[in-house]
Amino acid sequence: MLIDMSEEDFELESLGGVGPVTKQKLVSAGIYNILDLASRGPSEIADIMNINRDKATELCNKARDKLIELGRLEKEFISASELYKKRQAIDRIHMGSNNLDDLLAGGIETQAITEFYGEYGSGKTQICHTLCVIVQMPKEQGGLSAGAIYLDTENTFRPERIVEIAEAYDLDHEEVLSKIIVAKAYNSAHQEFIINEVGRIIEKEDIRLLIVDSAVAHYRAEFLGRGTLAERQQRLNRFMHHLLRIAEIYNVAVVATNQVQSAPDVFFGDPSRPTGGHVIAHTSTYRIYLRKAGKNRIARMVDSPSHPEREVVFVLNEKGVDDPPDSTPKRGR
Ligand code: GTP
Ligand code: MG
């Protein structure tokens with residue numbers, strides 16, 4: 001997956017202008033190498049280092065340039081054909097349902113954030129569990145032969161559910177469990193702290209999937225009332241951009257879940273609106289709206305740059321996510 005490079009390539013000192021004092025400040029904020037530096041935004045670096053935004057931007061840009069030089073990130077200006085080639089190298093993780101895979105043109109993409117939003121019980125957490133199992137399967141079976149990190153903010157990760165899904169796929173559940181790293185976040189600051197640490201685990205453990213279930217719950221609970229809305233959106237914005245940079249830099253698929261809230265100003269159609277509002281909407285690469293329809297679940301692709309807006313049906317069963325029993329036979333599985 002990742003180009004093999006020695007750790008020295010990513011040392012902070014290899015950037016011009018980073019001396020021992022700057023390095024010490026960065027390290028004490030959990031930024032150990034260029035990968036960490038590039039995955040934080042200039043506004044965060046300005047806060048950490050207590051420097052102005054221009055200086056922070058300069059430092060972040062240096063880190064980005066170095067990663068471009070090392071072939072880890074795309075150049076700012078590349079030809080469309082080069083971009084097309086690069087996009088063809090994006091990997092996909094199957095969802096366990098052909099219908100959902102079709103909706104996503106082949107599954108969840110690496111280098112992108114896929115957001116699932118919907119009401120309680122619509123299947124967001126079940127999708128996350130299923131993906132943690134499928135990502136471990138070989139490519140021919142829809143996986144990437146790699147592990148997952150599950151950032152659990154609502155205490156809804158269940159290893160028993162992983163065991164059940166793994167067994168439904170005839171996998172050794174001990175092995176499957178051992179390749180899922182669970183981090184429980186107790187509040188939004190802790191959630192941000194965990195994401196700051198995630199890069200090193202991704203590198204060390206060969207992770208290709210990062211789940212954040214849910215991305216917004218803590219922010220929603222902690223920032224109540226209109227007066228705090230601006231700060232909440234700013235923190236959420238920073239968090240989501242950090243996720244997107246992690247997806248790009250480490251070539252992982254990021255899946256974030258989001259609850260819906262009732263929007264009283266909507267009189268026609270579905271009155272549900274994702275909680276994170278426009279912040280999440282603008283950062284997620286793909287957004288999928290889930291809703292219950294009796295025993296079935298319906299998924300709709302919303303706001304994708306490359307997929308038509310349409311709906312598909314799936315179910316939740318012992319395999320986690322699956323196609324409804326009456327749908328067309330499965331391909332290759
Ligand atoms: P919130 O986190 O509360 O917003 O909901 P969610 O969208 O994450 O819902 P979740 O994915 O937890 O879905 C819960 C639903 O999944 C339940 O109502 C069940 O219908 C279904 N479900 C959960 N576990 C099982 C299971 O072991 N077998 C089957 N058949 N269905 C299950
Ligand atoms: Mg859930």
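Trainee: What makes the backbone of Gly-121 a polar contact of ligand 1?

Mentor: In this predicted model, a backbone N or O atom of Gly-121 lies 2.8 Å from an oxygen atom of ligand 1; a polar contact is a pair of N or O atoms within 3.5 Å, so the pair qualifies. The protein buries 62% of the 660 Å² that ligand 1 exposes when taken alone.

Trainee: Which part of Gln-126 is 2.8 Å from an oxygen atom of ligand 1, and which part of Arg-161 lies 3.2 Å from an oxygen atom of ligand 1?

Mentor: For Gln-126 it is a polar backbone atom, whereas for Arg-161 it is a polar side-chain atom; the values of 2.8 Å and 3.2 Å are both set against the limit of 3.5 Å, and therefore each pair counts as a polar contact.

Trainee: How many residues surround ligand 1, and which are the closest?

Mentor: There are 14 residues around ligand 1, and the closest are Gly-121, Gly-123, Lys-124, Thr-125 and Gln-126. By class, the shell holds six charged, six polar and two nonpolar residues. Helix H7 (124-134), helix H8 (159-168) and S12 each contribute at least two residues to this shell, and H7 gives the largest share, three residues.

Trainee: Why are S11 and S12 called paired strands?

Mentor: Two strands pair if there are at least two bridges between them, and four bridges join strand S11 (residues 296-302) to strand S12 (residues 311-317), so the condition is met. These strands run antiparallel, and Arg-297 has Phe-314 in S12 as its bridge partner.

Trainee: How do you know that S12 also pairs with S13?

Mentor: The same condition of at least two bridges applies, and S12 and strand S13 (residues 320-322) have three bridges in the antiparallel sense, so they pair as well. Leu-316 has Val-321 in S13 as its bridge partner, and a hairpin of two residues leads from S12 to S13.

Trainee: What makes the peptide bond between Asp-213 and Ser-214 stand out?

Mentor: That bond is cis, with omega about 0°, and Ser-214 is found in the loop between strand S6 (207-213) and helix H11 (217-222).

Trainee: What is to be said of phi in Asn-155?

Mentor: Phi of Asn-155 is near 60°, which is a positive value in a residue other than glycine; Asn-155 sits in the loop between strand S4 (147-152) and H8.

Trainee: Where does pLDDT stay under 50?

Mentor: It stays under 50 over residues 264-269, where the model has two contacts beyond four places in sequence. For the chain, the mean pLDDT is 88, and 89% of the residues reach 70 or more.

Conventions: Residues numbered from 1 in each chain as written. Chains lettered and ligands numbered in written order. Predicted model: local features only at pLDDT ≥ 70, side-chain atom pairs only at ≥ 80, totals over all residues. Heavy atoms only, no water. pLDDT = per-residue confidence, 0-100. Contact = heavy atoms within 4.5 Å. Near = heavy atom within 4 Å. Polar contact = N/O pair within 3.5 Å; in protein donor to acceptor, adjacent residues only side chain to side chain. Areas by Shrake-Rupley, 256 points an atom, 1.4 Å probe, with all protein chains shown as cover. Nonpolar A, V, L, I, M, F, W, Y, C, P; charged D, E, K, R; others polar.
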